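Biologist: Could you walk me through this one? I'm in my first year, so please explain the terms as we go.

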Amino acid sequence: MESQNYKNHRKFYPPHHFIYLPLLILLEVFGIYKIFNDEEHKLTWILFSIVIFLIFYLAFMLRQHYAIGLQNRLVRLEFKQRYFEIFSQRSDEVEEKLSFSQIAALRFAYDDEFKDLLYKALHEKISGDEIKRSIKNWRPDQHRI
């Protein structure tokens with residue numbers, strides 16, 4: 001695996017992103033095409049298209065909802081643990097002042113940069129994306145799902 005950095009840190013699940021969802025999109029396009037080109041079965045194709053759209057919507061939203069919700073909780077726990085290891089203090093007050101985007105971005109920084117970027121996030125209110133762009137030595141997350 002190549003070295004992780006800002007440009008390549010996003011991860012895809014190929015069966016979902018490149019097979020299942022594109023197949024649903026193709027079926028939806030086909031159904032819409034048939035609505036206009038098969039007058040005899042127009043109602044059937046309308047119903048087909050509605051069902052495919054609902055399956056696509058559910059697949060996309062449920063996957064996102066559960067996976068992201070769980071991952072966000074883990075990122076917050078990781079931040080709490082790391083903050084405690086570095087500063088030997090609880091992070092409750094600090095965590096309340098940060099957005100999730102900032103907390104998530106800080107995990108890509110090694111400890112020396114973490115301290116500086118945390119200070120900037122708290123006092124200069126830099127965004128999560130600005131934090132990621134500021135990281136000089138990217139700390140990869142190879143276990144992300």
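Modeller: Let's start with a term: a nonpolar core is a set of buried Ala, Val, Leu, Ile, Met, Phe, Trp, Tyr and Cys residues joined through side-chain atoms within 4.5 Å. Buried means under 20% relative accessible area, exposed over 50%, and partly exposed in between, using a 1.4 Å probe and protein chains only. This is a predicted model, where local features need pLDDT of at least 70, side-chain atom pairs count only at pLDDT 80 or more, and totals for chains, interfaces and linings use all residues. Residues are numbered from 1 along each chain as its sequence is written, and side-chain values use heavy atoms, leaving out hydrogens and water.

Biologist: What is the mean pLDDT of the protein chain?

Modeller: pLDDT is the predictor's confidence in each residue, from 0 to 100. Here 99% of the residues reach 70 or more, and the chain's mean is 93.

Biologist: Which helix gives the largest share of the largest nonpolar core?

Modeller: That core has 20 residues, and F79, V94 and L117 are among those with the most contacts inside it. Helices are DSSP runs (H or I, at least four residues; strands are E, at least two), numbered from the N terminus. Helix 2 (42-87), helix 4 (100-106) and helix 5 (111-123) each supply at least two core residues. The largest share, five residues, comes from helix 5.

Biologist: Why do the buried residues of helix 5 line one face?

Modeller: The buried ones are E113, F114, L117, L118, A121 and L122. Look down the helix axis and take the directions from it to the C-beta atoms. Those residues line one face because they fall within an arc of 160°.

Biologist: And which exposed residues does the face of helix 5 turned away from its buried side carry?

Modeller: The buried side packs against helix 2, helix 3 (92-97), helix 4 and helix 6 (128-134), with contact meaning heavy atoms within 4.5 Å. The face turned away carries D112 and H123.

Biologist: Which residue forms a salt bridge with D92?

Modeller: A salt bridge is a side-chain nitrogen of Lys or Arg within 4 Å of a carboxyl oxygen of Asp or Glu. The closest N and O atoms are 3.1 Å apart, and the partner of D92 is K80.

Biologist: Is E95 buried or exposed?

Modeller: E95 also meets K80 in a salt bridge, at 2.9 Å from N to O. That pair links distant parts of the chain, with K80 in helix 2 and E95 in helix 3, 15 residues apart. With a relative accessible area of 11%, E95 is buried.
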